[in-house]
Amino acid sequence: MIATVLLSFGVLFVAELGDKSQLMALTFALRYRWWIVLGGIAAASVAVNLIAVGVGHFLGAALPTDLIAICTGLILIAVGVWTLRETRSAPDEDETDTESAAAQATPGRAFFVVLSAFLLAELGDRTMFATVALASDRPWAAVWAGSVAGMVAAGGLAILIGITVGKHVPERLIALGSGLLFLYIGAATLLSALAPELGRVPELTIAAAAPALAAAVLWLLGRSTPRPRRVERELDRR
């Protein structure tokens with residue numbers, strides 16, 4: 001039970017690092033009081049993860065264990081690829097205006113804004129699918145508790161960052177590490193299901209090839225991609 005809670009916490013926490021919802025938390029923290037933002041994130045996390053574990057629990061009860069493990073590994077790898085893809089396709093942020101026009105909003109209105117935004121953002125998001133996969137062959141209550149805690153912790157980290165350093169955060173670097181870690185976990189899960197005769201150490205060692213290869217590909221793509229002229233002009237001015 002405790003192991004499932006910790007696993008769910010870790011998976012959801014890593015999934016939220018560098019995710020759009022964490023960027024939303026950071027942005028909201030610049031506009032509203034931190035406890036309002038954290039409360040909205042917590043309420044949305046409770047609702048979304050309750051839906052996710054319900055789907056995963058009832059779906060998983062009718063599936064073979066090996067198939068569930070394979071699907072879980074594929075989902076985690078897909079989450080990693082999705083995250084790495086977003087680090088490549090995300091547009092540069094030029095907006096640096098941090099003035100809080102909504103600072104005087106009432107707590108109730110601000111809470112509703114944060115709650116509705118996170119609820120819509122998380123429904124169908126990759127973190128929801130990760131929760132579905134975890135709940136398919138594990139105690140749903142433990143997965144739900146760990147998932148909620150992981151999402152709230154990630155949101156709290158974003159709020160802390162928003163309060164302390166504002167928008168000057170290397171979000172792409174965080175997302176890159178998150179994506180590589182998901183590739184590693186997904187590859188290890190697949191190896192465990194497809195080649196159970198492997199020992200734990202060889203399994204984890206071979207799984208490291210997936211993020212290593214992805215990192216090499218991203219490095220090569222980064223070297224072959226020309227720098228935007230807009231960025232070069234900004235550097236020339238300095």
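I take contact to mean heavy atoms within 4.5 Å, and I keep to that meaning in every entry below. I also note at the start that the model is predicted.

**Entry 1: T127 and helix α6**

I began with T127, which I found in helix α6, the stretch of residues 126-135. Setting aside the neighbours within four places in sequence, I looked up what T127 is in contact with, and the list reads L12, A15, E16 and E122. I then asked myself whether T127 is buried or exposed. With a relative accessibility of 2%, T127 counts as buried, because the cut-off for buried is under 20% relative accessible area.

From this residue I widened the view to the helix that holds it. In α6, 9 of the 10 residues are buried, so this helix is largely enclosed by the rest of the structure. I wrote down the buried residues of α6 by name: R126, T127, M128, A130, T131, V132, A133, L134 and A135.

**Entry 2: the whole protein**

Before going further I looked up the overall make-up of the chain. The secondary structure comes to 11 helices and 0 strands, and I therefore read the order of elements from the N terminus as α repeated along the chain, α-α-α-α-α-α-α-α-α-α-α. The protein has 238 residues, of which 37% count as buried. For the accessible surface I noted about 13,200 Å², with 69% of that area belonging to carbon and sulfur atoms.

I also wanted to know how contacts are spread along the sequence. Taking the contacts between residues at least 6 apart in sequence, I found that 90% of them join residues at least 24 apart.

**Entry 3: α1 against α7**

Next I turned to helix α1 (residues 2-16) and helix α7 (residues 140-164), whose axes come within 7 Å and cross at roughly 35°. The crossing in which α1 passes α7 is right-handed. On the α1 side the contact is made by T4, V5, S8, F9, L12, F13 and E16, while on the α7 side it is made by A142, V143, G146, S147, A149, G150, M151, A153, A154 and L157. What kinds of residues make up this contact of α1 with α7? I sorted them into 11 nonpolar, 5 polar and 1 charged.

**Entry 4: aromatic pairs**

A pair of aromatic rings is described by the distance of the centres and the angle of the planes. Rings count as a pair if their centres lie within 6.5 Å, and by this rule I count 3 aromatic pairs. The rings of F9 and F13 have their centres 5.9 Å apart and their planes at 10°, so I recorded this pair as stacked. F9 and F13 are 4 residues apart in helix α1, and they are therefore separated by about one helical turn. I looked up the accessibility of each partner as well: F9 counts as partly exposed at 32% relative accessibility, and F13 also counts as partly exposed, at 23%.

The pair of F28 and Y32 is likewise stacked, with 5.9 Å from centre to centre and 20° between the planes. Here F28 is buried, with a relative accessible area of 9%, and Y32 is buried, with a relative accessible area of 8%. I noted further that F28, Y32 and F118 form one aromatic cluster.

**Entry 5: residues far apart along the chain**

F28 led me to G162, a residue found in helix α7. G162 and F28 are 134 residues apart in sequence, yet they are 8.3 Å apart in space, C-alpha to C-alpha. When residues up to four places away in sequence are not counted, G162 touches L26 and L30. I recorded G162 as buried, with a relative accessible area of 4%.

I then looked up A69, which is found in helix α4 (residues 65-89). The C-alpha atoms of A69 and L194 are separated by 9.0 Å, although the two residues are 125 residues apart along the chain. Not counting residues up to four places away in sequence, A69 touches T189 and A193.

My last entry concerns A47, which lies in helix α3 (residues 34-60). A47 is partly exposed, with a relative accessible area of 31%. Its C-alpha atom is separated by 7.8 Å from that of L119, which is 72 residues apart from A47 along the chain.

Conventions: Residues numbered from 1 in each chain as written. Predicted model: local features only at pLDDT ≥ 70, side-chain atom pairs only at ≥ 80, totals over all residues. Heavy atoms only, no water. Axes fitted to C-alpha atoms, helices over the stretch in contact; angles between N-to-C directions. Helix = DSSP H or I, 4+ residues; strand = E, 2+ residues; numbered from the N terminus. Left-handed = near helix turned anticlockwise from the far one by under 90°. Nonpolar A, V, L, I, M, F, W, Y, C, P; charged D, E, K, R; others polar. Phe/Tyr/Trp six-rings, centres within 6.5 Å; stacked < 30°, edge-to-face > 60°. Buried < 20%, exposed > 50% of the residue type's maximum accessible area, 1.4 Å probe, protein only. Areas by Shrake-Rupley, 256 points an atom, 1.4 Å probe, with all protein chains shown as cover.
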